[in-house]
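The following exchange is meant for a reader who meets this structure for the first time. Each answer sets a computed value against the rule that gives a term its meaning.

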Amino acid sequence: MLFNSYIFIFLFLPVAFSGYFLLNHIRKYQAAKCFLVGMSLWFYAYFRFSYLWVILLSIAVNYFFHCLLVKGRHVKGLLCCGILFNLGLLFYYKYLDFLVENVNLLFHKQFSLPGILLPLGISFFTFQQIAFLADSAGGTVSRQNISDYALFVTFFPQLIAGPIVSHEEMLPQFRDLSAKHIQAENVYKGLRLFVLGLGKKVLLADVFGQAVNWGFQYYTLLDGLNTFVVILFYTFQIYFDFSGYCDMARGIGYMFNIRIPVNFLSPYKAGNILEFWDRWHITLTRFFTRYLYIPLGGSRKGMFRTCVNVLLVFLVSGFWHGAGWNYIVWGLLHGVLSVITRIWQKVRGTGGKNRFGKVVSTGLTFLFICCSWTFFRADTLEQALSMLRRLTAVKGGRINMEFATFFQIPEVYYVLKALHLHTLPGVAYYGLTAFVLIACVLLFGCKNLYEGEESHRPAAFGTVVLALIAVWSVVSLSGVSTFLYFNF
């Protein structure tokens with residue numbers, strides 16, 4: 001089920017909210033928890049009912065290993081078995097086709113591809129449960145009852161595309177009796193985050209996405225300028241799409257008095273690639289740091305070993321995002337630049353930049369991120385490389401009119417007409433220019449949503465703006481599209 005759909009906004013969310021708090025109000029706390037698990041499973045199964053048994057099997061097996069691990073016997077063997085189960089399930093559904101395809105290519109075979117349909121969110125709930133097993137083995141989590149564990153895995157706001165939550169930040173909240181009743185302040189904060197996230201997705205990401213889809217489909221027709229426009233638009237799209245989802249997830253969490261961790265902190269403002277990964281998909285970075293980078297030795301065994309560990313982490317990160325060589329190259333590019341940055345900081349130090357230097361480093365980092373996203377979005381490695389080569393193609397030097405058509409949305413046209421600007425020369429590009437300017441202001445000129453979040457209070461003007469965004473977004477839901485990270 002999509003957050004940006006009528007059935008979610010007008011049926012599922014009201015039923016989940018009212019049912020959960022009604023049961024809590026009559027002190028049926030366990031029933032309320034089970035009700036929320038049931039609603040979360042409905043949310044998951046809505047896409048495809050056959051997905052349901054996969055997540056139920058995953059929960060049952062991981063809970064079984066958890067119960068054994070907390071006893072403290074044969075910990076290493078049990079942990080290895082639990083991790084192998086999770087990775088095996090992930091491999092079967094996500095990477096088996098990729099393996100067969102590459103075996104055919106390498107050994108000139110004709111094995112048929114299994115064509116297995118990827119269950120939604122399997123990468124997210126698999127990593128979440130691996131972390132839980134590791135913490136169970138490490139003695140940092142006690143024996144949990146099945147309802148708490150099931151809710152920890154399935155809680156619908158973060159089930160499909162994260163953030164990847166940890167037991168220490170979620171399980172205590174599920175047991176907190178003070179959070180079992182409606183809190184008006186949290187409902188307002190939740191609605192604010194949900195509406196702003198919905199606006200990011202529907203009003204910005206989806207509009208840029210239409211131009212991106214056309215550009216990647218007809219990339220062979222583009223010159224250097226228009227190729228860069230496509231890459232830039234995708235850079236905007238993926239941020240507004242994924243951060244919009246996380247805003248909506250955190251907003252729903254607030255409504256249920258549950259704090260879901262922040263996943264984005266103005267990542268395109270980063271002055272280097274290390275800072276970018278401290279700001280982008282923060283919970284994934286946290287997972288890899290805790291459960292892969294540190295167990296490999298982290299930065300404790302010298303610079304050479306540190307660089308190897310960093311490369312391994314980014315290699316795994318790339319492969320986690322998708323079963324394709326383009327994702328692996330994307331991960332390695334970030335890994336190589338991270339290694340170079342670490343070495344540079346070791347030699348030159350981390351301070352001393354003036355304002356101009358910070359602007360330059362931020363601009364260069366953003367340019368690298370834009371280009372690297374090409375590998376992330378392209379269907380194949382060959383397509384990504386071809387698009388990057390096309391950046392040097394000099395032709396007309398004018399943005400393709402086809403791109404402008406995607407930004408000629410009725411709302412913008414009515415504004416232009418009201419201002420008597422609809423007959424001016426080049427008016428077709430006004431919408432495109434407006435969207436790019438809005439995106440740049442939001443990305444580089446505004447604070448992120450989490451700065452001052454706790455102290456934010458309702459104001460008349462802000463409430464009117466939220467209402468307008470909500471109405472505009474809901475009206476625009478007729479062009480519903482899925483979130484990009486549902487693919488991972």
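Q: Which residues of α1 are buried?
A: In this predicted model, the buried residues of α1 are Phe8, Ile9, Phe12, Leu13, Ala16, Phe17, Gly19, Tyr20, Phe21 and Asn24. The word buried applies to a residue with under 20% relative accessible area. These residues pack against α2 (29-45), α8 (184-217) and α9 (224-255).

Q: How do you know that the span of helix α1 agrees with its number of residues?
A: Helix α1 covers residues 6-25, and at 1.5 Å a residue its 20 residues should span 28 Å. The C-alpha atoms at its ends are 28 Å apart, so the two values agree. The helix nevertheless has a kink of about 35° at Phe12, shortly before the proline Pro14. Just after α1, Arg27 takes a positive phi of about 65°.

Q: What span would a straight helix of 33 residues have, and what does helix α4 span?
A: At 1.5 Å a residue, a straight helix of 33 residues would span 48 Å. Helix α4, residues 75-107, spans only 40 Å between its end C-alpha atoms. A kink of about 65° is centred on Tyr95 in α4. Just after this helix, His108 has a positive phi of about 55°.

Q: Why is Ser5 called buried?
A: Ser5 has a relative accessible area of 10%, and the term requires a value under 20%; Ser5 therefore counts as buried. Ser5 belongs to the segment before α1. Its C-alpha atom is separated by 14 Å from that of Leu203, which is 198 residues away along the chain.

Q: What makes the pair Asp148 and Lys33 a salt bridge?
A: The side chains of Asp148 and Lys33 meet at 2.6 Å, N to O, and the rule asks for a distance within 4 Å. Asp148 lies in helix α6 (residues 146-154) and Lys33 in helix α2, so the pair ties together parts that are 115 residues apart in sequence. Both Asp148 and Lys33 are buried. Together with Arg175, they are linked in a network of salt bridges.

Q: Why are Asp241 and Lys201 said to tie together separate parts of the sequence?
A: Asp241 forms a salt bridge with Lys201, with the closest N and O atoms 2.6 Å apart. Asp241 is in helix α9 and Lys201 in helix α8, so the pair connects parts that are 40 residues apart in sequence. Asp241 counts as buried because its relative accessibility is 1%. Lys201 is buried as well, with a relative accessible area of 1%.

Q: Why is Glu275 called partly exposed?
A: The relative accessible area of Glu275 is 27%, and values between 20% and 50% are called partly exposed, so that is the term for Glu275. Arg279, at 21% relative accessibility, also counts as partly exposed. The side chains of Glu275 and Arg279 meet in a salt bridge of 3.0 Å, N to O. Both residues lie in helix α10 (residues 273-279), 4 residues apart, which is about one turn of the helix.

Q: How many salt bridges are counted?
A: The count comes to 9 salt bridges. In general, side chains of opposite charge can pair when their charged atoms come close.

Q: What makes Asn448 a buried residue?
A: Asn448 has a relative accessible area of 12%, which is under the 20% limit, so Asn448 is buried. Asn448 is found in the loop between α18 (430-445) and α19 (460-475). Leaving aside residues up to four places away in sequence, Asn448 touches Leu265 and Ser266.

Q: Why is the link between the side chains of Asn448 and Ser266 called a polar contact?
A: The two side chains are joined at 3.3 Å, and the rule admits a suitable pair of N or O atoms within 3.5 Å, so the term applies. In addition, a polar atom of the Asn448 side chain lies 2.9 Å from the backbone nitrogen of Tyr450.

Q: How do you know that the radius of gyration of the chain agrees with that of a compact globule?
A: With 488 residues, a compact globule would have a radius of gyration near 23 Å, and the chain has 24 Å, which agrees. The chain contains 19 helices and 0 strands. Buried residues make up 51% of its 488 residues.

How values were computed: Residues are numbered from 1 along each chain as its sequence is written. This is a predicted model: local features need pLDDT of at least 70, side-chain atom pairs count only at pLDDT 80 or more; totals for chains, interfaces and linings use all residues. Side-chain values use heavy atoms; hydrogens and water are left out. Helices (H or I, at least four residues) and strands (E, at least two) are DSSP runs, numbered from the N terminus. The expected span of a helix is 1.5 Å times one less than its number of residues. The bend at a residue is the angle between axes fitted to the seven residues ending there and the seven starting there. Buried means under 20% relative accessible area, exposed over 50%, partly exposed in between (1.4 Å probe, protein chains only). Contact means heavy atoms within 4.5 Å. A polar contact is a pair of N or O atoms within 3.5 Å; within protein, one must be able to donate a hydrogen and the other to accept it, and residues adjacent in sequence count only if both atoms are side-chain atoms. The radius of gyration is taken over C-alpha atoms; the globule rule is 2.2 Å times the number of residues to the power 0.38.
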